[in-house]
Amino acid sequence: MKILIIEDEIEIATNIKSYLKSNDIHCEAANNCQTALDKIMMYDYDCVLLDLMLPDGDGFTILKELKSQNKTDGVIIISAKETLETKIEGFNLGADDYLTKPFHLSELLVRIQSLVRRKNFNGSNIIVFNEIEIDTLAKVVKIENKKIDCTKKEIDLLLFLIGNKNKVLSKSAIAEHLSGDMADMLDNHDFVYAHIKNLKKKLNDAGSYDYIKSVYGIGYKWEND
């Protein structure tokens with residue numbers, strides 16, 4: 001799961017990032033509108049945490065840009081502003097949820113998980129795809145009810161592939177999902193091949209059908225056969 005935190009209060013952003021990382025969520029941060037817009041244009045996120053009051057503009061500008069680009073990133077507004085008008089405007093511009101400051105980080109985590117499940121997997125904690133079952137909270141993968149040993153990165157990759165079934169995902173898109181904007185600093189995306197190879201082997205060895213297909217010169221696809 002990849003999250004973008006748009007928050008100009010450094011302490012708040014740092015606390016959110018630290019808490020979410022401790023729960024195995026990859027986080028990036030932007031402390032102004034321009035940086036946030038640059039990241040949104042370059043990357044896709046499972047969820048955007050959006051403060052409305054930023055030094056060079058307001059969060060509604062970012063919501064409008066997401067809408068104009070037909071982006072599907074989930075958005076949770078995190079703001080000290082709690083007027084009915086503000087909430088209505090946020091929802092009308094495409095926000096999925098609204099959390100008023102101050103809030104408990106544990107509640108934020110639950111809301112993020114709920115939003116991502118709702119968008120990608122119809123709100124369920126247990127993802128079932130034919131013989132494969134994934135418990136997203138317990139971080140457990142089973143094939144025909146038999147647990148297999150997967151790393152957190154492999155589970156994240158598996159969910160990303162299933163959530164985008166029958167879509168061709170480029171190596172760079174997978175790299176960005178697993179490593180965020182750090183992927184730009186890497187000389188190549190060989191680590192994507194390594195994760196794909198290891199995941200395929202574990203699934204196949206456990207008796208799963210080979211759903212992961214290579215698309216020559218582009219990337220990979222989870223094929224719903």
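**Close-up 1. Helix 6 lies across strand 12, strand 13 and strand 14.** In this predicted model, helix 6 runs at about 70° to strand 14. Helix 7, residues 171–179, also has a place here: it lies across strand 12 and strand 14, and its direction makes an angle of about 70° with strand 12.

**Close-up 2. Three strands make up an open, antiparallel sheet.** Reading across the sheet, the strand order is 12-14-13. Strand 12 (168–170) and strand 13 (212–215) stand at the edges with a single partner strand each, so one side of each is left without a neighbour in the sheet. On average, and with direction ignored, neighbouring strands of this sheet are turned by 35° against each other.

**Close-up 3. Strand 13 and strand 14 run antiparallel and are joined by four bridges.** Strand 14 covers residues 219–222. To find your way around this pairing, look for Val215, whose bridge partner in strand 14 is Gly219.

**Close-up 4. Helix 6 packs against helix 8.** Here we turn to residues 152–163 (helix 6) and 190–205 (helix 8), whose axes are 10 Å apart and meet at an angle of about 85°. With angles of 65 to 115 degrees counted as roughly perpendicular, helix 6 and helix 8 are therefore roughly perpendicular to each other. From helix 6 come Lys153, Glu154, Leu157, Leu158 and Leu161, which meet His195, Ile196, Asn198, Leu199, Lys202 and Leu203 of helix 8. Sorted by class, this contact of helix 6 with helix 8 holds six nonpolar, three charged and two polar residues.

Note on methods
Residues are numbered from 1 along each chain as its sequence is written. This is a predicted model: local features need pLDDT of at least 70, side-chain atom pairs count only at pLDDT 80 or more; totals for chains, interfaces and linings use all residues. Side-chain values use heavy atoms; hydrogens and water are left out. Axes are lines fitted to C-alpha atoms, for helices over the stretch in contact, and angles run from 0 to 180 degrees between N-to-C directions. Helices (H or I, at least four residues) and strands (E, at least two) are DSSP runs, numbered from the N terminus. Angles under 35 degrees count as roughly parallel, over 145 as roughly antiparallel, 65 to 115 as roughly perpendicular and the rest as oblique. Contact means heavy atoms within 4.5 Å. Ala, Val, Leu, Ile, Met, Phe, Trp, Tyr, Cys and Pro count as nonpolar, Asp, Glu, Lys and Arg as charged, and the others, Gly among them, as polar. Two strands pair if DSSP finds at least two bridges between them.
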